[in-house]
Amino acid sequence: MSVRARLPLLVLALVGVPLIAGCNQAELESLRQSKAALGVDLAAAQSEAAVRGQALEALEATAAADRDALDARLSAAEARFDALDADLKLAHAATAAARTEAQDAADALEAMEKEKDEVASHRDELVQWVEEELLPLAEKQDPRLRSLREITDDIARQVEEYRGLTFKRPFMRRLIHRDQVKDFLRRDMEREMPEEEMDKMVRVMSEFGLLRRDADIMEMFEGFMEAGAAAFYKPNTGTFYLIEGKNDRGDRPIVFHELIHALEDQHFDLTTMQKTFEQDSDGGMGVKGLVEGSAERMTNRYTEANPDDLKAMMAAQMNPEMMQRQMQMMQEVPPFLIAAMGLYPYKNGAIYLNSIGLETSEALDVVFHDPPVSTEQVLHPEKYGVDYPHRVAAPDLEAALGDGWEVLDDDSMGELFCGLLLSTNRFDPNLKSNLPVFMSVMDMRTQGIGFKGQIKKAVEGWDGDRYTAAVHDDGESVCIAWTSVWDSADDAAEFASYYASLLGMRVAGEKRPLKDVTLPARFTRAADGAVSGVEVQGRQVVVVLSAPAVSADAVFAAAHAAEVSPDERDAADVAAAAATSNAPRVGAPGDE
C-alpha cells in the first residue's frame, strides 16, 4: 500500500480514539475494579495456596515420620519375632533335653527298683535258708532261740490282727546279749554318722549349751541303749533284735512292739519317711513320734488284753542290775537326749495318736501317708493338719562373717528342742544331779514330755525356725545365727525375753537367770570378746551365738534378712502373709 492510501486509515484511527474512550469510560472503570478485585482474589488464593502448601508439607512430614515409626516398629517386631523364634528353638531343645533327662531318670529308677527287687528276693531266700536250715541247728544248741521263734511266730499273727495289716515278706530276728549292744550301736553309728559328723553335732550342741565341748556322743548313745533298751528294730535290714531275752512272758510285749515296726516298715518304708525330712530334724522327730507312738499305742492295747505279760515285763526291767544301769545312765547321759529319745517319741507319740480320733486301721494308714511335720503337731495333737510351721531360709552366714569361716550345720530346732534348750540352760551346768532338769520337762502323769511354768509359756507359740552354724578355720570358733517365727508378737517377745535371761547367765558364768533384761540384748564373752544376743522383731526372734565382735552387726542383719514364708497348707498363715505382703518392711532393731 502507498503512503497516500494509508493516511485516511491513520486519520480515521486518530479521530476515532476519543470517541471510543468517551463512550466506554464507565465500562473501563468497571474493568479496573474487576481487575483490582481479581488481584485481591488472586492474592487470597495465593495466600491460601501457600497455607495449603505448608499444611501439605506438614502432612508429608508427619506421614514420613509415621512411616519411619512404622518401619521402626516393624523392625522391632521382626527382631522380637527372631528372638522369640530363637527362644522357642532353645525351649524345644531344653524340652528335648529334659525329656531325655527324665527318661534317663526313669530308666535309672526302674533299674534301681529292679535291683531292689533282686536284693529283696535274695534276702528272702537268705531268710528262708537261715530259718529252715541254720536256725534249727542253732536252736539245738540254745533253747532260747527256739523259744524266741515260737514267741515271734505267735506274736506276728497277733500283730497282724491288731494292726489290720499283713506281713509282705519274712523278717529277721536276733537274740543278743546286752554286752553286744555297744558293738552293734558303734558299728551302725560309725557307718551312718562318721566321726566328723559326730564332732559337728557336739560343736553345735555345745554352743547351744546342751553338751560339754569334750562330750563323747558315742558313749552317750551307748549308755542310753545299754541301760534303757530291751530291743530295737533296724529298717535297713528288716531285722529286730531282742536284748538278753529270757523268753518268758515278759518278752512278749517287747517282741510285739518291734514287730509293729517291722510290719509298718514293710507297708510304709520308714527309712524313706525319715529321709523326707533331711536338714529338718524337727520334722524327723515328728515322724519318729508317729512311728514309736504307733508301736507304743498298739503295745498298750496288747498289754491291756494280756496283763500277765505286762507284769512279767515290768518285773524283768525292775531287777537291781537294770535299775543300777538306769540310774547311772540318767546321771551320765544329758537329760535332753533321754527326753528326746526315751520319753517324747513313745509317750507323747501315743498320746498324739489317741487324740486325733483314729477309729480304724485304715485311719492310721492315712496318717502314715501324711505324717506330722513337726514336734509341735505331736505335742499339741489339735494342731495336726492345721498349724504348719513357717519355712525359714538359711542366712548367708559365711558372707556376714567374712574370710576364714565355713558353714558347719543347717537345721531346725522345733518346739521340743526349744523347750529342752531352755530347761537345760535354766540350771547350773555344774549341778551334781540331772533330776531338776528332768522334773522341769517331764509330765509325771503321762511319763512323757510336759513343759512347765515359764518354759511352757515361752515355747508354746513356736511356728518355725532354722539355725545355721559356721566354724572358723582355727578349728575351734563356732558362730550360730538362729531365726525363729512365733504365732504372735507376744509369743515372740515371751520366748526372746526368757531366753535372753538364760543366755546372759551362760555368757556371764552366773548360776541364775539374769533379771530385768531388755531387748534387744547383747552379751560379750570376757575371754575372747565374742558377742551373743537376742533381738525380736514382730513375730520373729533372732539369736546370735559367739559372733566375732567385728562381725556381730552383720551376722544379726543376715539373720534378720532370712526369708520366711508360710506353708501353703496353713490357711491362717497364708492369709496373714497376704494381708501384710504390701506393707513396708520394718528394719531390724538398730537399723537407721
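In the predicted model, helix H5 (residues 195-207) lies across four strands, namely S5, S8 (462-472), S9 (478-486) and S12 (540-547). The helix runs at about 80° to S5.

The strands crossed by H5 belong to an open sheet of 6 strands, arranged in the order S5-S8-S9-S12-S11-S10 with antiparallel pairing. Strands S5 (405-411) and S10 (521-524) occupy the edges of this sheet; each has a single partner strand, so one side of each remains without a neighbour in the sheet. On average, neighbouring strands are turned by 10° against each other, direction ignored. At the S10 edge, the pairing with strand S11 (residues 531-537) is antiparallel and extends over 4 bridges. Within this pairing, Ala 521 has Val 534 of S11 as its bridge partner.

A helix-helix contact is formed by H7 (residues 252-268) and H9 (residues 281-305), which pack at an angle of about 135° with their axes 9 Å apart. Because angles that are neither under 35 degrees, nor over 145, nor from 65 to 115 count as oblique, H7 and H9 are oblique to each other. Their crossing is right-handed. From H7, the contact involves Arg 252, Pro 253, Phe 256, His 257, Ile 260, His 261 and Glu 264. The residues contributed by H9 are Val 291, Glu 292, Ser 294, Ala 295, Glu 296, Met 298, Thr 299, Tyr 302 and Thr 303. Classified by residue type, the contact of H7 with H9 comprises 7 nonpolar, 5 polar and 4 charged residues.

Note on methods:
Residues numbered from 1 in each chain as written. Predicted model: local features only at pLDDT ≥ 70, side-chain atom pairs only at ≥ 80, totals over all residues. Heavy atoms only, no water. Pairing = 2+ DSSP bridges. Helix = DSSP H or I, 4+ residues; strand = E, 2+ residues; numbered from the N terminus. Axes fitted to C-alpha atoms, helices over the stretch in contact; angles between N-to-C directions. Contact = heavy atoms within 4.5 Å. Left-handed = near helix turned anticlockwise from the far one by under 90°. Nonpolar A, V, L, I, M, F, W, Y, C, P; charged D, E, K, R; others polar.
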